[in-house]
Amino acid sequence: KMNLKHAHGARKFVTLSTRDQTSRFLARNGEPQEVANSAWAFAKYQVQSPTFFAELDVQAERLVRDGKPQEIANAAWACATLEVQAPNLFALVERNAKWLG
């Protein structure tokens, strides 16, 4: 039998798991503008979302290829603001600096 303390913990786990799945889905499948806007909002409100930003970095090539310079700049700004490690994104930004500038 599960007591209230365990039930609350299970609900919290499900909520966090669902949030992680949703943020991963958004970073993986969202349009570049949606991804950039989400990253910007996380940074503006100082919300840590490791799952979202890890997937954003995995999707960096697609974002740089399909996104507009402002969207990519917003995503990079968000990573820098939250001190997120995003080596793929920053390498692509550096490589495409002329296009982005």
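**Entry 1. Terms and model.** For these notes I count Ala, Val, Leu, Ile, Met, Phe, Trp, Tyr, Cys and Pro as nonpolar, Asp, Glu, Lys and Arg as charged, and the others, Gly among them, as polar. I record at the outset that the model is predicted.

**Entry 2. The cavity.** I searched for enclosed space and found one cavity of 30 Å³ or more. The largest cavity holds about 40 Å³ of space. I then listed its lining, which consists of Pro 32, Ala 36, Leu 63, Gly 67, Glu 71, Ile 72, Ala 75 and Leu 89. Two elements, helix 2 (32-44) and helix 5 (69-81), each give two or more residues to this lining. I noted helix 5 as the element that gives the most, with three residues. By class, I sorted the lining into six nonpolar residues, one polar and one charged.

**Entry 3. The chain as a whole.** I counted seven helices and zero strands in the protein chain. Read from the N terminus, the order of elements is α-α-α-α-α-α-α. The chain has 101 residues, and 35% of them count as buried. I also looked up the contacts with a separation of 6 or more, and found that 69% of them join residues 24 or more positions apart.

**Entry 4. The nonpolar core.** Which residues have the most contacts inside the largest nonpolar core? I found Ala 39, Phe 52, Phe 53, Leu 56, Cys 79 and Leu 89, in a core of 20 residues. Helix 2, helix 3 (50-58), helix 4 (60-66), helix 5 and helix 6 (87-95) each contribute two or more residues to this core. Helix 5 supplies the largest share, five residues. I note that Leu 89 is listed in this core and also in the lining of the largest cavity.

**Entry 5. Phe 53 and the aromatic residues.** I next took Phe 53 and asked whether it is buried or exposed. Its relative accessibility is 2%, so I recorded Phe 53 as buried. Leaving out residues up to four places away in sequence, I found that Phe 53 touches Ala 39, Phe 42, Ala 78, Cys 79, Leu 82 and Val 84. My search of the whole structure for aromatic pairs gave three. In one of them, the ring centres of Phe 52 and Phe 53 lie 5.0 Å apart with the planes at 90°, so I entered this pair as edge-to-face. Angles over 60 degrees fall in that class. Phe 52 has a relative accessible area of 0%, and I therefore list Phe 52 as buried. Phe 42, Phe 52 and Phe 53 make up one aromatic cluster.

**Entry 6. Positive phi values.** I checked the backbone for residues with unusual signs of phi, since most residues other than glycine have a negative phi. Gln 46, which is not a glycine, has a positive phi of about 55°. I located Gln 46 in the loop between helix 2 and helix 3. Glu 83 is also a residue other than glycine with a positive phi, near 55°. I placed Glu 83 in the loop between helix 5 and helix 6. Its relative accessibility is 68%, so I recorded Glu 83 as exposed.

**Entry 7. Arg 65.** I found Arg 65 in helix 4. The relative accessible area of Arg 65 is 56%, which means that the residue counts as exposed. How far apart are the C-alpha atoms of Arg 65 and Asn 96? I noted a separation of 9.9 Å for these two residues, which stand 31 residues apart along the chain.

How values were computed:
Residues numbered from 1 in each chain as written. Predicted model: local features only at pLDDT ≥ 70, side-chain atom pairs only at ≥ 80, totals over all residues. Heavy atoms only, no water. 1 Å grid on protein atoms, 1.4 Å probe; cavity = no way out; pocket = protein on both sides within 12 Å on 5 of 7 lines; lining within 4 Å. Points joined across faces, edges and corners; volume = space filled by probe spheres on them. Helix = DSSP H or I, 4+ residues; strand = E, 2+ residues; numbered from the N terminus. Core = buried A, V, L, I, M, F, W, Y, C linked by side-chain atoms within 4.5 Å. Buried < 20%, exposed > 50% of the residue type's maximum accessible area, 1.4 Å probe, protein only. Contact = heavy atoms within 4.5 Å. Phe/Tyr/Trp six-rings, centres within 6.5 Å; stacked < 30°, edge-to-face > 60°.
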